[in-house]
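Subject: Structure handover

Hello,

Below is the structure I said I would pass on. Please open it and keep it beside this message while you read the notes that follow.

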Amino acid sequence: MPDPHDDFTTYAHAQLPRLVTTAHLLSGATGDPREAADLVRRTLVGLRARWRRIPRDDVDFYVLRSLVKAFLRGARRQRALSDGVLKDTSARQRAVLVLLHREGLREAEVAQLLGWSAGAVGSRARRGLAVCGGDAGRLRERFAEAARAVEASEAAQVGAGDVPFGVALDDVERRGRALRRRRAVVAVVCALLLVPAGVLVAGRIVGGGTADGSVAGAVDVARSPIRIVAPGERVAAVPGVQVWLTSDGKHWSTPQRPNQFLGLTDDSYASASKAGAASERPAASVQPDRLNSSYFLSGLYRGLSGDPARVEVTVDENRMTGTVLTLAGSPGWGVWYTRASLSLAELKSSYGDGGPTVTVYDAAGKVVARGGADW
C-alpha cells in the first residue's frame, strides 16, 4: 500500500507500464505514442498534486478514473477510429470496453468509476462490443496482443536510451509539486473570503472531528458537517433552498423547482428494496439545481452501516465537501448538499466525462460508497 507522504515516485514507476498501455488502448493502440504519453503525464501530475489527500486504499481507483476522464475530456470532439482494435467505436464506448475487458472491472464498478448510471455503462458496452464483432473473448485477446505490442515498442525505446514510456517522472514530480502549491494558495484565499459564512454554519451544524477539522485516521481529509433532523424538519440549506427528509427519501425545494422528491428506490443506483430501507449495495447520487449564477448540488447516499464522516462531490477538477443531513438512529442513508459556483456551460462540460461524481468516506478515510449522475 502506498505510503501517504513520500513514495509517489515509487508508485508512479510501478504503475507506469500499465498506465501507458491503457492510454494507448484508449487512443486506439495505433494512435500517436506521444498522445498516450501526454495523457499519462497529465494524469500523474494531477495525482502528485493531490497525493497527500488521496485515501491510501483508493489510489489505484483514483488514478484510473483520472486517466479515463482526462482521455474523455480530450476526445469530446474526436471522431470514431478508422482502424485499430476499437475501430469505429466512440470515445465513451472505447472507455467502457477498455475498463471492462482490459482492466477487468464489472459494469457496476465502471459506473462508479465514471460517475455514470449502470444502464448507461451497459448500453455503451453492448453497442461498442457489437461494433467490435460481438465476441468479448476475442476482444480481450486483441487487447492483450495490442498491449504486448505497446510494451515491446516501449522496451525498444528504453533500450535506445529514451525516457521510459516517454514520461519523465522527475518532471512529473516537479510539475505536481508546483501545481499543489498553486492550489494551496488559491484554497487559502478562498478560505479567508468564506470565514464569516463558515462561522455561521459551524454554530448551527452538529459536527465532529479533530481540532484542525480532519477526519480521524484519514490523510488530510476534512470532515463533513453533519446535522441530525427529525422527519419532515425543513432545513434552509442555502438561501432560497429547503431540504427535508422523511422515512422514504429526500425532499427539496428551490425557487425554480419547488417540492421535489427522490425516494430511496427511485434513482438508477437503487436495487430492489422496500420503501424506507437502504439499498443493499452502498451507493450515492447527484442532482444539480440551477440557482442564478451557481448550482445547488445534492443527493442521496445509502447502504452504509452508519453515518459517513465525509461526502465529497467532484465536478471536473473542482472538489467540494458536502453537508450531511440524516435522521436519528443512523439509518445508513441520508442526504448531502453543497453550493457550487458553476456556469451552465461548465456543468454541461463536466458531463463530457461523466458529470458530477460523489464519494462517501468513513471516519478512517476509506471509501464506502460512490455514485454520480448521467446527463
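Is Ala-36 buried or exposed? Ala-36 counts as buried, because its relative accessibility is 0% and the cut-off for buried is under 20%. Please bear in mind throughout that this is a predicted model.

Ala-36 lies in helix α2, which covers residues 33–49. Leaving out residues up to four places away in sequence, Ala-36 touches Val-20, Ala-23 and His-24. Thr-22 is 14 residues from Ala-36 along the chain, and the C-alpha atoms of the two are separated by 8.5 Å.

The chain as a whole

The chain has 375 residues, and 49% of them are buried. Nine helices and 14 strands are found in the chain. Take the contacts between residues at least 6 apart in sequence: 64% of these join residues at least 24 apart.

Helices α3, α4 and α5

Helix α3 (residues 59–74) packs with helix α4 (residues 91–101) at an angle of about 160°, and their axes are 10 Å apart. Angles over 145 degrees count as roughly antiparallel, and α3 and α4 are therefore described that way. Their crossing is right-handed. On the α3 side, the contact is made by Leu-64, Val-68, Phe-71 and Leu-72. On the α4 side, the contributors are Ala-91, Arg-92, Arg-94, Ala-95 and Leu-99.

The loop between α3 and α4 contains Asp-88. Most residues other than glycine have a negative phi. Asp-88 is not glycine, yet its phi is positive, near 70°. Asp-88 has a relative accessible area of 45%, so it is partly exposed.

Helix α4 also meets helix α5, which covers residues 107–114. The axes of α4 and α5 come within 10 Å and cross at roughly 130°. At that angle the two helices are therefore oblique to each other. α4 passes α5 in a right-handed crossing. Val-96, Leu-99 and Leu-100 of α4 make this contact with Glu-107, Val-110, Leu-113 and Leu-114 of α5. Leu-99 is thus listed in the contact with α3 and in the contact with α5.

A sheet of four strands

Which strands form the open sheet, and in what order? There are four, in the order β2-β3-β4-β5, with antiparallel pairing. β2 (235–238) and β5 stand at the edges with a single partner strand each, so one side of each has no neighbour in the sheet. On average, neighbouring strands of this sheet are turned by 25° against each other, direction ignored. As background, strands of a sheet pair through backbone hydrogen bonds, either parallel or antiparallel.

At one end of the order, β2 pairs with β3 (residues 241–246) in the antiparallel sense over three bridges. Here Val-235 stands opposite Val-243 in β3. At the other end, β4 (residues 249–253) and β5 (residues 260–263) pair in the antiparallel sense over four bridges. Lys-250 stands opposite Leu-262 in β5. β4 and β5 form a hairpin, with six residues between them. In the turn of this hairpin, Asn-259 has a positive phi of about 55°.

Another loop residue

Asn-292 lies in the loop between β7 (287–291) and β8 (294–302). Its phi is near 55°, again a positive value in a residue other than glycine. Is Asn-292 buried or exposed? Asn-292 is exposed, because its relative accessible area is 62% and the cut-off for exposed is over 50%.

A buried glutamate

Glu-312 is placed in strand β9, which covers residues 310–315. Its relative accessibility is 2%, so Glu-312 counts as buried. Which side chain makes a polar contact with that of Glu-312? The partner is Arg-319, at 3.4 Å. Arg-319 is also among the residues that Glu-312 touches, not counting those up to four places away in sequence. The others are Arg-53, Met-320, Thr-357, Val-358, Thr-359 and Tyr-361.

To find your way around, you could start at Ala-36 in α2, go on to the loop between α3 and α4 with Asp-88, and end at Glu-312 in β9.

Regards

Conventions. Residues are numbered from 1 along each chain as its sequence is written. This is a predicted model: local features need pLDDT of at least 70, side-chain atom pairs count only at pLDDT 80 or more; totals for chains, interfaces and linings use all residues. Side-chain values use heavy atoms; hydrogens and water are left out. Two strands pair if DSSP finds at least two bridges between them. Buried means under 20% relative accessible area, exposed over 50%, partly exposed in between (1.4 Å probe, protein chains only). A polar contact is a pair of N or O atoms within 3.5 Å; within protein, one must be able to donate a hydrogen and the other to accept it, and residues adjacent in sequence count only if both atoms are side-chain atoms. Contact means heavy atoms within 4.5 Å. Axes are lines fitted to C-alpha atoms, for helices over the stretch in contact, and angles run from 0 to 180 degrees between N-to-C directions. Angles under 35 degrees count as roughly parallel, over 145 as roughly antiparallel, 65 to 115 as roughly perpendicular and the rest as oblique. A crossing is left-handed if the near helix is turned anticlockwise from the far one by less than a right angle, and right-handed if clockwise.
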